[in-house]
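Me: I would like to understand how the labels given to a structure follow from computed values. Could you take me through the reasoning behind some of them?

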Amino acid sequence: MLKEQVLTYAYILLYIGLSSGQIFFNKWVLSSKEINFPYPLGLTLLHMVFSSVLCFVLTKVFKIMKVEEGMTTEIYATSVIPIGAMFAMTLWLGNTAYLYISVSFAQMLKAIMPVAVFILGVAAGLEVMSCRMLLIMSMISFGVLVASYGEINISWIGVVYQMGGVVGEALRLIFMEILVKRKGLKLNPISLMYYVSPCRHKVYASVVHIVLFYSAICLFIPWIFLEKSKMEAHGTWNFQPLVLTLNSLCTFALNLSVFLVISHTSALTIRVAGVVKDWVVVLLSALLFADTKLTVINLFGYGIAIAGVAAYNNLKLKKEASRASLDDSQHAQSVTLATSSTSDR
């Protein structure tokens, strides 16, 4: 029991460390003069290709990870592809935001995530509007607005990019919830990256062209139009294979850490750990980056937003506990009925 608890906390700390480190790593790669690689779309494309190849090696060459069965053409086309597309958009826009705004301010804007998820969830029929939830959403929104008001060097271009990333992540979470709740298919990050990767060879023939087209549309074609010519014209950026490989490997390890935490606890734990991680990133960024200047208004507004996020997580925890209790009760009732039916015979 003690060993299991220690292992769980170790996984949580690993997630917080990898998530925080990846944010700083991406910021450094994109903005440092040493590497001179201000190409967020190219960096995201590199991450996706690296993860795709590594997933293929793990699942098909070494067969270390098992890919769940049950994938159909309809599920693939209506759920998995949108999830991958939204994931790519989130990383692309989020990484681009680091070129315009500080890491700490980007994390403050991410606090609006529950609001985006709730609004889209209501639209998709996954959430129910209530006065309590509306109050919590208002609290989070107000806190983010106050934090934004206190930002000294605000760039609205960076804000737009970051908010676009938030919407993309919210849509990804909605599609994942639909995939699990309505389609009944559970995918771990390895399986999900495997199914959305262009290197998957065992797919249904009718969707092969969709996979290739989707992969190109998501990242490659935008990269050709938006960054390829800039990279060729610039000509002075230093491509450092070791640094970029380590950066991609950290992204892959982060996805694995999310799976480890969820498998040992729950998705809610990830959200709570994410709040702790955000505070760590906000405070450390003030020490590591010169473009970060925290004000009292910043911290006050962010504190309000985080309090709202905590209330949201607490409400979701109660709902999940109530749902689990109801499921257990129904299961016990079905067992009792089955037992009495057998005894009658």
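Reply: What follows is a set of questions and answers on a predicted model.

Me: Why is the aromatic pair of Phe-37 and Tyr-39 called edge-to-face?

Reply: A search of the whole structure finds five aromatic pairs, and one of them joins Phe-37 and Tyr-39, with 5.3 Å centre to centre and 85° between the planes. Ring centres have to lie within 6.5 Å to pair, and planes over 60 degrees apart count as edge-to-face, so the values of 5.3 Å and 85° give Phe-37 and Tyr-39 that label.

Me: How do you know whether Phe-37 is buried or exposed?

Reply: The relative accessible area of Phe-37 is 4%, and because buried means under 20%, Phe-37 is buried. Its partner in the pair, Tyr-39, also counts as buried, at 4% relative accessibility.

Me: What makes Arg-132 exposed, and which patch does Arg-132 belong to?

Reply: Arg-132 has a relative accessible area of 54%, and since exposed means over 50%, the label applies to Arg-132. On the surface, Arg-132 gathers with Lys-318, Lys-319 and Arg-323 in a patch of positive charge. Arg-132 lies in helix H6 (residues 131–149), whereas helix H12 (residues 296–344) gives the most to the positive patch, with three residues.

Me: Why is Leu-226 called partly exposed?

Reply: Leu-226, which lies in helix H9 (residues 208–234), has a relative accessible area of 43%; partly exposed covers the range between 20% and 50%, so Leu-226 receives that label. Together with Phe-220, Ile-221, Ile-224 and Phe-225, Leu-226 forms a nonpolar patch on the surface, with about 470 Å² of accessible area together.

Note on methods: Residues are numbered from 1 along each chain as its sequence is written. This is a predicted model: local features need pLDDT of at least 70, side-chain atom pairs count only at pLDDT 80 or more; totals for chains, interfaces and linings use all residues. Side-chain values use heavy atoms; hydrogens and water are left out. Rings of Phe, Tyr and Trp (its six-membered ring) pair if their centres lie within 6.5 Å; planes under 30 degrees apart count as stacked, over 60 as edge-to-face and the rest as tilted. Buried means under 20% relative accessible area, exposed over 50%, partly exposed in between (1.4 Å probe, protein chains only). Patches are made of residues with over 30% relative accessible area and no salt bridge: like charges are joined within 9 Å, nonpolar side chains (Val, Leu, Ile, Met, Phe, Trp, Tyr) within 5 Å. Accessible areas come from the Shrake-Rupley method with a 1.4 Å probe; for residues, only the protein chains shown count as cover. A salt bridge is a side-chain nitrogen of Lys or Arg within 4 Å of a carboxyl oxygen of Asp or Glu. Lys and Arg count as positive and Asp and Glu as negative; His and the chain ends are not counted. The place of a charge is taken as NZ of Lys, CZ of Arg, CG of Asp or CD of Glu. Helices (H or I, at least four residues) and strands (E, at least two) are DSSP runs, numbered from the N terminus.
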